Amino acid sequence: MYLSNLSYVSEPALDSLTLAVSIEIQKKITVTMATTQQQHGTPPFISGQEIKGLLSYEDLIPTVERSLITYSTKKSEFCQPMRTKVDSGSTGLLLTMPCYSAPDSALACKLVTVFPGNTDLPSHQGIVTLFDPESGSLQALMDAEEITCMRTAAASAVASRHLAHPQSRTLALLGSGAQAFSHFEAIATLFAIECIRVHSRNPEKRAALVEKIMLSAKFKPDVMKVEDCESAKAAVDQADIVCTVTSSRDPVLRADWLPRLCHVNAVGACRPDQRELDESVTSAAFLVADSRESASSESGDVIVNKATVHAELGELIAHPERFREARASRGGLTVFKSLGLGIEDAATARLVWDLRMKE
Ligand SMILES: NC(=O)C1=CN([C@@H]2O[C@H](COP(=O)(O)OP(=O)(O)OC[C@H]3O[C@@H](n4cnc5c(N)ncnc54)[C@H](O)[C@@H]3O)[C@@H](O)[C@H]2O)C=CC1
Ligand SMILES: O=C(O)C1=NCCCC1
């Protein structure tokens, strides 16, 4: 083979020359792409691991509390339509959750899939996209699994702060998945928990959760113990705070199992055909939801049980006096029905971003 300067190049030499040239071209393309990315500010992906390292419940709980107050009392300061749900056959769902919150300077949209049957993969996966609210530029993509775990548990911690007895010592977790663990960590941030009782259907997963809790930085071996319970009834016996964090379709909790004074965070049952709470629970309790609209259109705990939502959590925090009578008339049982709000994700994503920029 003759090249343009008419020097002869053998076939094998030509092969290695071609390879060398294509490597050089590839390198040039990579450098050009990196430069273009820098110039146009291609957003980073913030992994679940990085989010865990940045976020603490000490920072997150007040942020989520503010977002709940904004949602219920400052309607002109945020924009959050109801989330859309796309059914993917009978196996799962895709949710889209957009929100703009002026007090948080956050414009974000979470895309999350819910596949409860996943065994080797998380049941909730996705991304949160965070935009600059001034320019509309994409600032970051973040792992939705970790944000969902932590902000949901933070919302339950906020509800527990306003509804549970301040001296609560016994925490029951029904369910042993991602939310069960994050709920332990968030609630142990606010309460001097001494006993954690865990129940779910699968004994191996229960044992794994017990072990994970004992390895958590929030676990204080000198004052805390964890109990693996074979029934939900045994787990909630004498519990001060109960978290139902299951993917169950049918109720896992009855009122006659609970002590007179008890607070329940009901976190699962986010579809009209799912219930975690028996009708005896919702009919006896002072029932608070993150959103009346979501609770009455999305959860079987409210729809099937024909339950009345007495207050939104943000309203209760901002105006406790308005609900004193209704609360007193219901006895000692309180329930927080959590559905999850885009504003919580937007505020959390902004917090993650701000903490990252400070590093
Ligand atoms: N309210 C909110 O903002 C959010 C609610 N969720 C919902 O919370 C629930 C828990 O979420 P993850 O922990 O991420 O799910 P996961 O899939 O990690 O865990 C679900 C757990 O429920 C247990 N379970 C299912 N049926 C049960 C039964 N009958 N009795 C006892 N345990 C039972 C399973 O064994 C498993 O331990 C799900 O329904 C999820 O969709 C999730 C994210 C946000
Ligand atoms: O708010 C969320 O995020 C979710 N809520 C209900 C279940 C799936 C995720």
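A polar contact is taken here as a pair of N or O atoms within 3.5 Å. The structure is a predicted model, and the two ligands are described in turn under this criterion.

Around ligand 2, a backbone N or O atom of L339 is found 3.0 Å from a nitrogen atom of the ligand. Two side chains also approach ligand 2 through their N or O atoms: that of K110 is 2.6 Å from an oxygen atom of the ligand, and that of R151 is 2.7 Å from an oxygen atom of the ligand. On its own, ligand 2 has 260 Å² of accessible area, of which the protein covers 89%.

The shell around ligand 2 consists of R83, L95, M97, K110, V114, H124, T148, R151, C270, L339 and G340. By class, five of these residues are nonpolar, three are polar and three are charged. At least two residues of the shell are supplied by each of three elements, namely strand β4 (92–101), strand β5 (106–114) and helix α4 (144–163). Residues are contributed both by domain 2, which spans 45–147 + 343–358, and by domain 3, which spans 165–340; ligand 2 therefore lies between these two domains.

Ligand 1 is surrounded by 22 residues, of which S123, H124, S176, Q179 and S338 come nearest. Three serine residues provide polar contacts to ligand 1. A polar side-chain atom of S338 is placed 2.9 Å from a nitrogen atom of the ligand, while an N or O atom in the side chain of S248 lies 3.3 Å from a nitrogen atom of the ligand. For S247, the contact involves the backbone, with an N or O atom 3.2 Å from an oxygen atom of ligand 1. The accessible area of ligand 1 taken alone is 850 Å², and 88% of this area is buried by the protein.

Two elements, α4 and α5 (178–190), give two or more residues to the shell around ligand 1. Of the elements, α4 makes the greatest contribution, with three residues. The composition of this shell by class is six nonpolar, 14 polar and two charged residues.

Certain parts of the protein recur in both descriptions. H124 belongs to the shell around ligand 2 and is also among the residues that come nearest to ligand 1. Helix α4 likewise supplies at least two residues around ligand 2 and three residues around ligand 1.

Notes
Residues numbered from 1 in each chain as written. Chains lettered and ligands numbered in written order. Predicted model: local features only at pLDDT ≥ 70, side-chain atom pairs only at ≥ 80, totals over all residues. Heavy atoms only, no water. Near = heavy atom within 4 Å. Polar contact = N/O pair within 3.5 Å; in protein donor to acceptor, adjacent residues only side chain to side chain. Areas by Shrake-Rupley, 256 points an atom, 1.4 Å probe, with all protein chains shown as cover. Helix = DSSP H or I, 4+ residues; strand = E, 2+ residues; numbered from the N terminus. Nonpolar A, V, L, I, M, F, W, Y, C, P; charged D, E, K, R; others polar. Domains from an automatic or database assignment.
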